[in-house]
Amino acid sequence: MSSNVRPENMERITTPELAKAFIEEQVAKIRAQVGDKKVLLALSGGVDSSVVAALLIKAIGKQLLCVHVNHGLMRKNESENVIEVFKNQLDANLVYIDATDRFLDLLAGVSDPESKRKIIGKEFIEVFADEARKLEGVEFLAQGTIYPDILESIKAAEGKKAVKSHHNVGGLPEDLQFELVEPIKLLFKDEVRVVGEALGLPHGMVYRQPFPGPGLGVRCLGAITRDRLAALREADAILREEFDICGLAEKVWQYFIIVPDIKSVGVKDDSRYEGWPAIIRAVNTKDAMSATIEEIPYEVLHKVTNRIINEVEGINRVLYDLTPKPTGTIEWE
Ligand code: XMP
């Protein structure tokens with residue numbers, strides 16, 4: 001297995017030429033490691049797993065089996081985009097699993113944030129493992145591990161306490177042991193993006209803002225209900241659409257909507273209208289350890305607010321979170 005330490009003299013991948021050289025090198029390495037065997041990959045549609053998928057498709061084509069698990073906590077059209085890019089455009093071997101009911105049934109009535117995170121993480125592994133057991137002849141598991149993940153696990157091994165239990169794929173059950181294929185494990189995020197563009201992945205996918213493993217589950221605060229989750233998904237889609245239009249999407253590190261489990265009294269069509277508030281969060285950071293607030297222009301805030309209160313069923317107020325990290329973490333749960 002190759003080293004988990006980035007050599008000090010390793011050149012940073014900053015140009016398409018350097019990315020192409022990296023791609024050629026990794027394609028050769030993957031072919032040498034895998035031979036004619038099959039490789040499994042959990043494809044979330046995030047930058048890292050997408051770049052690994054594209055690299056493996058280039059190296060071994062249909063020997064790669066991608067599994068996309070929709071946990072029902074994806075953003076609007078996200079799973080559809082993964083299918084469009086990987087199945088329709090790149091002709092990948094892609095299994096799509098809609099596990100929405102499995103996740104939402106388990107989460108029903110669970111309001112504690114860490115319990116929610118644990119349920120989502122555990123169920124994700126179970127759904128993926130169920131699928132892996134059905135497949136024959138798979139000897140390898142590809143993962144979108146990147147260098148900060150390795151640095152993070154070194155910190156964890158040194159006993160530094162985490163604020164939240166982050167979930168990413170890992171820790172498969174004992175009966176499922178694969179050799180790992182981790183072609184981007186020595187790269188930093190900006191390098192992964194340069195490689196992704198050189199592989200021809202869509203710009204929107206390569207420069208996608210970070211999205212946590214538990215997805216909208218940690219933004220639909222408290223016990224998740226399907227109606228509030230649907231409202232959150234619609235409001236979030238509006239915010240993203242408006243950020244695309246005004247150019248903030250290119251500039252702001254992470255921006256999204258949170259919908260808490262509280263209702264306030266409002267009025268609509270001359271009648272009492274109790275609804276949830278939608279909270280806008282837009283932050284900038286380098287490493288997610290601390291974050292500052294993006295000062296969204298008032299006209300954008302007004303437009304987003306008007307669209308959300310008019311277009312989203314169940315939301316009657318829009319608020320803007322001005323809290324930096326610390327004290328507020330980026331996500332609310
Ligand atoms: P917090 O809320 O801790 O978030 O300030 C810092 C960054 O991490 C993202 N985040 C996650 N990413 N799995 C992930 O891959 C997770 O479980 C997870 N939880 C939070 C968050 O969106 C922010 O970018």
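Me: Where in the protein chain is confidence lowest, and where is it highest?
Reply: This is a predicted model, and its protein chain averages a pLDDT of 95, with 98% of the residues scoring at least 70. Confidence is lowest in helix α6, residues 147-157, where the mean is 86. At the other end, the highest value, 99, belongs to strand β6, residues 254-258. Lowest, then, is α6, and highest is β6.

Me: In what order do the five strands of the open sheet sit, and which are the edge strands?
Reply: The pairing in this open sheet is parallel, and the order is β3-β2-β1-β4-β5. From one strand to the next, the twist averages 30°. An edge strand here pairs on one side only, and that picks out β3 and β5.

Me: How many bridges join strand β2 to strand β3, and what is the bridge partner of Val69?
Reply: β2 covers residues 64-70 and β3 covers residues 93-98; the two run parallel, with six bridges joining them. One partnership in β3 is Val95 with Val67. As for Val69, its bridge partner in β3 is Ile97.

Me: Which helix does the chain pass through on its way from β2 to β3, and is the crossover right-handed or left-handed?
Reply: Leaving β2, the chain goes through a helix at residues 78-89 before it reaches β3, giving a β-α-β crossover. In the loop between that helix, α3, and β3 you'll find Asp91. Its phi is near 55°, a positive value in a residue other than glycine. So the helix is α3, and the crossover is right-handed.

Me: Which element gives the largest share of the lining of the second largest pocket?
Reply: That pocket has a volume of about 520 Å³, and 21 residues line it, with Ser2, Gln26, Lys29, Glu182 and Pro183 nearest its centre. The elements giving two or more residues to the lining are α1 (16-34) and β5 (179-181). Eight of the lining residues come from one element, and the largest share belongs to α1.

Me: How many charged residues are in the lining of the second largest pocket?
Reply: Sorted by class, the lining has 12 nonpolar residues and three polar ones. The charged class contributes six.

Me: What is omega near for the peptide bond from Lys325 to Pro326, and for the one from Pro326 to Thr327?
Reply: Pro326 is in the segment after β11 (315-320), and Thr327 is found in that segment after β11 too. The bond from Lys325 to Pro326 is cis, and the bond from Pro326 to Thr327 is cis as well. Omega is near -15° for Lys325 to Pro326 and near 15° for Pro326 to Thr327.

Note on methods
Residues numbered from 1 in each chain as written. Predicted model: local features only at pLDDT ≥ 70, side-chain atom pairs only at ≥ 80, totals over all residues. Heavy atoms only, no water. pLDDT = per-residue confidence, 0-100. Helix = DSSP H or I, 4+ residues; strand = E, 2+ residues; numbered from the N terminus. 1 Å grid on protein atoms, 1.4 Å probe; cavity = no way out; pocket = protein on both sides within 12 Å on 5 of 7 lines; lining within 4 Å. Points joined across faces, edges and corners; volume = space filled by probe spheres on them. Nonpolar A, V, L, I, M, F, W, Y, C, P; charged D, E, K, R; others polar. Pairing = 2+ DSSP bridges. Axes fitted to C-alpha atoms, helices over the stretch in contact; angles between N-to-C directions.
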